[in-house]
Every structure is written in C-alpha cells, then in structure tokens.
Amino acid sequence: MQAKHQFQVSESAEAPAARLILQAHLAYGESNSNGLSHIQRLKSRRECQSYLTQALALEPDNAGALGLLGRVEMDNGQLERAHALFTASLNHQPGQTQQYCNLGYWALKTERPALAEQYFIQALEVDRQSAAAFCGIAHSRRLQGQFDVAYLHYRKLLETGLEWPSVYSGMLACAGHLEVHKADETLARDAIALLRHDGLPHQDIARFAGAIIRQQYDLDNPDAQIALDAASEDELLILALGKTLMPDPAVEELATLLRRAIVAEVAQTVELRDELQPLALALALYADRTGYALDAEDDEERLVSAINSSITAQLALGEGQDEMIGSLIISAMYGALFQQTFAVQLGRWNMVDWPVGLQPVMAASYYNRASEEAIKQNFSEKAEELSLDKADVPQAWPSWSTLSYRSQSSLKDAFTQELGLSADHCPDTLRIMVCGAQSGQRALELAHYLSDVEVIAVDESLANIASAARMAEDLDVANIVFWPWSIAQQFVADGHQVHWIEIGRLPSPAMTDLSLAALVNEASVSGAVVHMHTAIAEQSSADKQIRRLIAEHKLAPNRQTLRQLRRMVLTNRNETTWQELVADPDFYSLGGCRDRWFRPQDTGQLQELMAMVSNEVDWKLVKARDTDGHSLAIGPVQKQIQAEALGSEVQSLMGQGLSVYFQKRR
C-alpha cells in the first residue's frame, strides 16, 4: 500500500517537473544567444536556474536537470558546483554523452585540456556522431599545442556542415601556427574559406596565407615565371592581398612585381582591362596596408605622376566617375588618394556613389583618412604633423579589420572567474584604462565584449588614436574613448580613477614627462587590477643596429628614409643579423618600422612599473600565465619578482614573456 502511494506521488510530480525542465532549456538557449545583450542573457540564465531549482524540488534525481544546472553554474563561474552536478547527473543516469561533454568543457575551463580530451573521447564512445564532443577534442588538442591535429578536426567539422563560430575561430587560430612546406590545394581551399568568412580577424592568418602563396608560385626559385593573367584569376592571392599583410619578403616581391606588370600593360594599352581590375584593387588595398612600403621603379613613378595629372584635369573639366575609375585604381596602388592634389575634388561624391567593387579602396585610400584627419583636429598633438609632407604623415599600426571572436561577458566575471577575486566592491560600470592601445584592437574588444565597462584607450601615436576612434564609430562601440597621453595624464590629475589597467605598448623615450608607474599608481583605485607583460618587443640585434644608424646619421622618420632602411634589410635578409626582423610583421609596414626604429619602447618604464608592483605591502600578484597562456604557480613567480626588486638579474622576469596580473591592496 505504501509503495503504491509513493508511485502515485512520483507520477504526479513527473509532468510538472518535465514542463519546468523544458522551460529551463528554452531559457538556457536564450542565455547563449548572441542576438541578446549580456544583461538579457544573464536574466535568461537566472530564469533557467529558477526553473531547474523548482524541477529538482519535485524530482531531486532528475539527471537532465542536474546536468543543465551544472551548465548554469559553470557559466556563472562556480566550477566546483558545476563538476559536482555533472558527476551527480552521471551517477543517476550513466552513459550520458551530454554530461561527458559538459565535464570536458569544465576541464577546459579549469585549464586541463588533456583531461578534457579524455572526457570528450568518452562522449564519442557513447555517441560517435556527437559534434560537441568532436569539437571539444579539437579545442583540447589546440590548447595542448597540437595545432595540426586540431586543425584537421576543425576542417572535418566544417566539411560536415557544422559552422559554429568557435569552429571557424579555432581553425583560424590553428592556421596561424602551421608550417607550409609544399603547394597544397586543400590548404589553399581552407585559406579561401577562412578569408571569405565574415567576422574573422583575417589578419591572424596572414603568415599562413603567405606561406601557401609562396609555395604555389614557387617563390624560392629565382627562375620562377609569374603569369599576370593567371595571378589575376587566383582567388586566394586576391583575397589575401585584399584582407591581410603577409610577413614574407618573397610575397612582397610578388606584389611589387604584379603591380609593375599591371602598370606596364597600362602604359602600352592606355587602359586597365576588366580582367585585371580585381587584382589591381587588391594590390591597392595591400599597398595602403603597408603604408606604401612597396618599392617602385622610376618609370612607374613617372607614369603614376602622369596619371595623377590626368585625374586632376578630368576633375577640373567635370568629367564623370566612369572615365577616371581605372586611373584612380592605378593611383591608389602607389599612394593614398587623400594625399593627392585632386583630393578635395573627390569630396563631391559620397562613398556609396562609387561602384561596389571600388568602394573598399576608396574607403581605405580616401574616406577613412578624411574621417581620421577630422578626429586629429581635436588634439593639440596635431600641430606636430603640420610641418610634414603629406606622404610622411605617420600611419596607424598594427593594421586590422575585424575583432577577434569572444563570447559576451562582464569585467566582474573576470574578477571572480579568471582571477578568483571578489567583485563585491565593484560599481555597476567599471572603468578600464588601456595604456599603449596602439590602433585599438584589444581596447575595442574589451569595450565590445564586456557589458559593464567604459574604456579609456591611450596611445602615443595620433594616427593610432584617429584610426581606432574611427573604427569604434564604424563598429558602433560607444563605451570607449581614445586619447593621447596628455589628456590621460590630465584626467588622472583631476582625480579620476579606474578599476582595471592594461599595459600594452610602452611609451617611447620621447615621452620624457611621463612616468607610467606613477600614472598607474595614481589612476588605480583600491582593489584595481593591473595586467602587464614582462617582455618587450623590438629588441632584436637588427633593430638596435638600425637605431644606431639613425642616431649616427640623424635620419628623419620620413617615407624615403624608411624605404631605404627596409631596402637595406631586404637586400641582406639572408644574413643572420636580419632574419628575426624580417620575420616580424611590423617590418612589412612603414608604420610598424617607424614605431620600432624611431619611437621604440622604453625599457625603463617597464622596470619602474615592475619595481612598483613588487612592493607586497601595496600590490598582490594574483595570476601569471606563460607564453602559451597556461597558468603558473604564483609562489615561484612572486619569488622572482622579489629577487629582481632586490637587484638579482639571474631571476629577472624581464624578457620572459609572462602575462601577470596584480591587484592593488589599498
């Protein structure tokens, strides 16, 4: 009789519990929707948690509810609770693919990719068709540094039609680590697919694309024949030129050669035929991205000068757009249209008035530069550019077009989940300062993907500030400002403080009135976090030698000087001295060369900063990562910091490439 009564109670609870679990699943789906704001997603997550709590009150042993509640707890950063719930779910219902996958992603969250892989393999043993488990193995292999194996897993997922953002993002991350030693049509197709896909940071596969192109065109062979017509039909070449900057001297020579071949044909036929226009447009974008670093022969310069004069005459006569499109493309391959004498007359048209295929070139070469020039006028630092020739005005660097893929989150989550710190002291909106933001990609990612922040991005380069501010406007990111150091110093002097400080590129020795350590100390509130790196780039023997040449000969940072210095390096690139420099992406842009040779980072600023945070009375080391992003034990790193503060060079962190986080105690 008692058993019958218990069965009836259980049966009566089953239907309401099932309805609640269904509602929880719907709410959880909304909590992971990229179409909703982070606040809306948090609300949906809380609704999901409420439904599950009610369901488990009715059915405490419901395996599905326990597992889903584990996912919610994991999303909330409660990793121990999540693990307990996943395990409980499996105890009540063994052999669940979903729970093995959940445990796999839990292990990834706790930085144990090898353990994660074991869980994902268990999931596949239960269900060989589980895409989530297969994708999890790809993530695990990537985080273990097995980029080639992970890459093949991501490729397989795409071949089966699974086009999750994390799959594309993971494949792109792996591609950046692959070595390409021979021409491979499959790799070329992969690169094309990645470059075609919108929303990816294509700049991150520049090396990968360049390596494929190097092999396809046999660029290591000095006798290799390059056919202009074949190149004009090469989709990979055109996409890579249009969307990346490939750090390969042989690819740079190929671009220079193709540009010269196009101009030579135009000189003979007096027209740019339609078949060559896609390649010419891609070369124009590429040249702009390099800051017009590509060398040109005298006859090319003369022809382009004649074409520019022709455009000026056509505009004066009021001719229409169609008559000058070919000439504008040729001109844009050699210099920014905004810097030409006819630039003002181009302003009679809006960008959308131009043919669609030409619009990216017109944006890069004219309209974006006009917008950036207007932004520069707001800062007193603009006075430094007034005496420069138009071609010598610095260009923003690094060059990028798309933010890296991230999930929406909050800075409070970073405090609690990433650093294990309390966020109770944090206000609703936290303020981040990014020191040395350069052209703003990292700063914009923080502003775009964190729901509870406002970002102050600071940089020494006015070109970087203007370019990043324009990109923020284009991306409709309103919770960020870009300032020169002078305004940031005044902001802090006025008593304003921040909750998180990111140290990017260090100020140069030219910033004689700036102490970064003093600024950081004054700007940070009690409990604020400072994130910095312990290595400084641009310290190769080649860089030091070039800086000595600049000092000895009192060279000016103009386009001609930068091109001459690059030419010297390229001529001697096979010598050991220059190889590290030639492998660096900075070398392939005049903006990058100008930064590292004429405004290098000041090592003294980092030394002062490290000395300041070594004071354990005022600062606490809360996290350290190595160059691969793996967390390190705090104790040994703290000992090194203390030893360095006491004068030990043997245990110095400088140059080790660590990523370290310090919290201000008071």
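Let me start with Asp218, which at 38% relative accessibility counts as partly exposed. This is a predicted model, and what I report about Asp218 and everything else is computed from it. Asp218 sits in the loop between α11 (206-216) and α12 (228-231). Its backbone has a phi near 50 degrees, a positive value in a residue other than glycine.

Val270 also has a positive phi, about 60 degrees, although it is not a glycine. You will find Val270 in the loop between α14 and α15. At 70% relative accessibility, Val270 counts as exposed.

Stay in that loop for a moment. Asp274 is placed between α14 (249-269) and α15 (277-289) as well. Asp274 is exposed, with a relative accessible area of 60%. Together with Glu233, Glu271 and Glu275, Asp274 forms a negative surface patch.

One more backbone item. Trp397 and Pro398 are joined by a cis peptide bond, with omega at about 5 degrees. Pro398 belongs to the loop between α19 (359-376) and α20.

Now the salt bridges. How many salt bridges does the structure hold? There are 32 salt bridges. As general background, side chains of opposite charge can pair when their charged atoms come close. I will go through three cases.

The first case is Arg625 with Glu418, whose side chains meet in a salt bridge at 3.2 Å, N to O. Arg625 lies in strand β6 (residues 619-625) and Glu418 in helix α20 (residues 411-418), so this pair ties together parts that are 207 residues apart in sequence. Are the two partners buried or exposed? Arg625 is buried, with a relative accessible area of 17%, while Glu418 counts as partly exposed at 44%.

The next case is Glu538 with Arg505, where the side chains meet in a salt bridge at 2.9 Å, N to O. Glu538 is in the loop between β5 (524-533) and α25 (541-553), and Arg505 is in the loop between β4 (498-503) and α24 (516-523), so the pair ties together parts that are 33 residues apart in sequence. Both Glu538 and Arg505 are buried.

The last case is Arg596 with Asp543, a salt bridge whose closest N and O atoms are 2.7 Å apart. Arg596 lies in helix α28 (residues 590-598) and Asp543 in helix α25, so here the parts tied together are 53 residues apart in sequence. Arg596 is buried, and so is Asp543. Salt bridges that share partners also join Glu111, Glu418, Lys623 and Arg625 into one network, and that brings back the Arg625 and Glu418 pair.

Next, the strands. Strand β2 (residues 453-459) pairs with β3 in the parallel sense over 5 bridges. Within that pairing, Val455 stands opposite Ile480 in β3. Why is β3 described as largely enclosed by the rest of the structure? Strand β3 covers residues 480-484, and 4 of its 5 residues are buried, so the description follows. Buried here means under 20% relative accessible area. In a regular strand, as a general point, side chains alternate between the two faces of the sheet.

I will finish with Leu103. Leu103 lies in helix α5 (residues 97-109). Leu103 is buried, with a relative accessible area of 4%. Leu103 and Leu115 are 12 residues apart along the chain, and their C-alpha atoms are separated by 9.2 Å.

Conventions: Residues are numbered from 1 along each chain as its sequence is written. This is a predicted model: local features need pLDDT of at least 70, side-chain atom pairs count only at pLDDT 80 or more; totals for chains, interfaces and linings use all residues. Side-chain values use heavy atoms; hydrogens and water are left out. Patches are made of residues with over 30% relative accessible area and no salt bridge: like charges are joined within 9 Å, nonpolar side chains (Val, Leu, Ile, Met, Phe, Trp, Tyr) within 5 Å. Accessible areas come from the Shrake-Rupley method with a 1.4 Å probe; for residues, only the protein chains shown count as cover. A salt bridge is a side-chain nitrogen of Lys or Arg within 4 Å of a carboxyl oxygen of Asp or Glu. Lys and Arg count as positive and Asp and Glu as negative; His and the chain ends are not counted. The place of a charge is taken as NZ of Lys, CZ of Arg, CG of Asp or CD of Glu. Helices (H or I, at least four residues) and strands (E, at least two) are DSSP runs, numbered from the N terminus. Buried means under 20% relative accessible area, exposed over 50%, partly exposed in between (1.4 Å probe, protein chains only). Two strands pair if DSSP finds at least two bridges between them.
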